Amino acid sequence: MSLRSRFSAKVDKKIVLTGGHAATTALAVYEELTKRTKNKKRWDVYFIGSAYAVEGLKVPTLEATIFSKIGVPFHSIITGRVQRKITFWTIPSLLKIPIGFLHAFYLLFKIKPDIIVSFGGFAAFPVVVMGWVLRIPIIIHEQTASIGRANLLSSPFASLIAVARYQSVKYFPKKNVKVVGNPVLSNVISTPPKQKIGNPPVIYITGGSRGSQPLNKVVKEILKDLLRKYKVIHHTGYFDYPKFIQIRNSLEDDLKERYIVHEIIDPFDIADIYKKSDIIISRAGANTVSEIIITKLPAILIPIPFSYKNEQTKNAQIAKEFGLARVITQDNLSKESLNNEINWVIHNWLNIKKRAINKKSPDLYAAQKLVNFIEQTRL
């Protein structure tokens, strides 16, 4: 059955997926659930999450866009978040937090799910708490090598805690924790590792689903130099996309042909980008790190310095220890440091590949393991 099609046969059980920054992880779980519908338990899947990625701006989240696109009912929850910086929207956002619990209760009472699987994020926490109130079994999944704030708060309400990395186990009650890896879409898993570098090499630059303005600022400074030597696929995010489209339009034709700009990237299309790419320059989000390790692509990672419990630095360390990543701290990010790292990776590309080629990713069967626990849960 196609991933993009809905179930046509009788549904036995309902499952709610919930979270923020979790579109690709949740999609991989949904994909595995659909694969098992022919001869096993059938699931009707719903997603509860935030419709907008930025407080005060109508920038759609990847979850809202993708799940609606593939036919999974997406229920937008009205709730607030704790912001890292004080803005005009800080107080209104905090005031919406109690509303989130009431709205979560309403949505769960309306859907009547048999199980909730949470992937963390501010939108997931009220769903978990109200699920516990309604005596719905709850599984939470932690994607990072640390712990997210929402998952830390959610853990007392969970029947089972699944983690991607053994480094996360210490943050949770040990009797309820299982290490499963980080679920990754099958088209990424099936992407064959490149055997030789492209001519010219292709660099894929991404700041994650919402982009990275500090990374984009440095990329802008060296973009023309990069394009004289390489092809560049640039995932800018919402805020910087108009600026980089304008830059692309101003380039001479030979450089313009070497530069592809994306505002957002559909998770179903990311495997094709990895097939074209030779090097990744990125933030160190858990899902990106998982995909780097699976595709065996050399990478330069710039972790977000203010991520909760320094999770992105810990994620980056995993890719570094795997032999695939060089790491630049944001304090040391400059056009000189980025250029130096790109030159080093290009020069050592084949050796990097040789070091990692026979290593096995811990995420290859993560979706299957997590869905096994979902099916084994007493409903």
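Which residue stands opposite Ser118 in β7? The residue is Ile140. This is a predicted model. Two open sheets with parallel pairing are described below, one of 7 strands and one of 6 strands. The salt bridges follow; a search of the whole structure finds 10 of them.

**The sheet of 7 strands**

- The strand order in this open sheet is β5-β2-β1-β6-β7-β8-β9, and the strands pair in parallel.
- The edge positions belong to β5 (74-76) and β9 (177-179). Each of these has a single partner strand, so one side of each has no neighbour in the sheet.
- From one strand to the next, the twist averages 20°.
- Strand β6 (residues 115-118) and strand β7 (residues 138-142) run parallel and are joined by 3 bridges. The pair Ser118 and Ile140 belongs to these two strands, with Ile140 in β7.
- Helix α16 (residues 366-376) packs on this sheet. The strands that α16 touches are β1 (13-18), β2 (43-49), β6, β7, β8 (160-163) and β9. The direction of α16 makes about 165° with that of β7.

**The sheet of 6 strands**

- This open sheet has the order β12-β11-β10-β13-β14-β15, again with parallel pairing.
- β12 and β15 are the edge strands; each has a single partner strand, so one side of each is left without a neighbour in the sheet.
- The twist here averages 15° from one strand to the next.

**Strands β11 and β12, with helix α9**

- β11 and β12 run parallel, joined by 4 bridges. Ile233 has Ile260 of β12 opposite it.
- Helix α9 (residues 241-250) lies across β11 (231-235) and β12, and runs at about 160° to β12.
- The two faces of β12 differ in cover: Tyr259 and Val261 form the covered face, whereas Ile260 and His262 form the uncovered one.
- In a regular strand, side chains alternate between the two faces of the sheet.

**Strands β10, β13, β14 and β15**

- β10 pairs with β13 in the parallel sense over 4 bridges. The bridge partner of Tyr204 in β13 is Ile280.
- On its other pairing, β13 runs parallel to β14 and is joined to it by 3 bridges. Ile281 stands opposite Ile300 in β14.
- Side chains of β13 point in two directions: Ile279 and Ile281 one way, Ile280 and Ser282 the other. All four of these residues are buried.
- A right-handed β-α-β unit is made by β13, helix α12 (residues 286-295) and β14.
- Strand β14 (residues 299-301) also runs parallel to β15, with 3 bridges between them. Leu301 has Val327 of β15 as its bridge partner.

**Salt bridges**

- Side chains of opposite charge can pair when their charged atoms come close.
- Asp266 and Lys69 form a salt bridge, with 2.4 Å between the closest N and O atoms. Asp266 is in the loop between β12 (259-262) and α11 (270-276), and Lys69 is in helix α2 (residues 62-69), so the bridge ties together parts 197 residues apart in sequence. Asp266 is buried, its relative accessible area being 10%.
- Asp278 and Lys194 meet through their side chains in a salt bridge of 2.9 Å, N to O. This pair links distant parts of the chain, 84 residues apart: Asp278 is in the loop between α11 and β13 (279-282), and Lys194 is in the loop between α7 (186-189) and β10 (202-206). Asp278 counts as buried, at 0% relative accessibility.
- Glu341 and Arg326 form a salt bridge whose closest N and O atoms are 2.8 Å apart. Glu341 is in helix α14 (residues 335-347) and Arg326 in strand β15 (residues 325-327), so this pair ties together parts 15 residues apart in sequence. Glu341 counts as buried at 15% relative accessibility, while Arg326 is partly exposed with a relative accessible area of 28%.
- A network of salt bridges links Glu32, Arg36 and Glu375.

How values were computed:
Residues are numbered from 1 along each chain as its sequence is written. This is a predicted model: local features need pLDDT of at least 70, side-chain atom pairs count only at pLDDT 80 or more; totals for chains, interfaces and linings use all residues. Side-chain values use heavy atoms; hydrogens and water are left out. A salt bridge is a side-chain nitrogen of Lys or Arg within 4 Å of a carboxyl oxygen of Asp or Glu. Buried means under 20% relative accessible area, exposed over 50%, partly exposed in between (1.4 Å probe, protein chains only). Two strands pair if DSSP finds at least two bridges between them. Axes are lines fitted to C-alpha atoms, for helices over the stretch in contact, and angles run from 0 to 180 degrees between N-to-C directions. Contact means heavy atoms within 4.5 Å. A crossover is right-handed if, with the strands pointing away from the viewer, the path from the first strand over the helix to the second runs clockwise.
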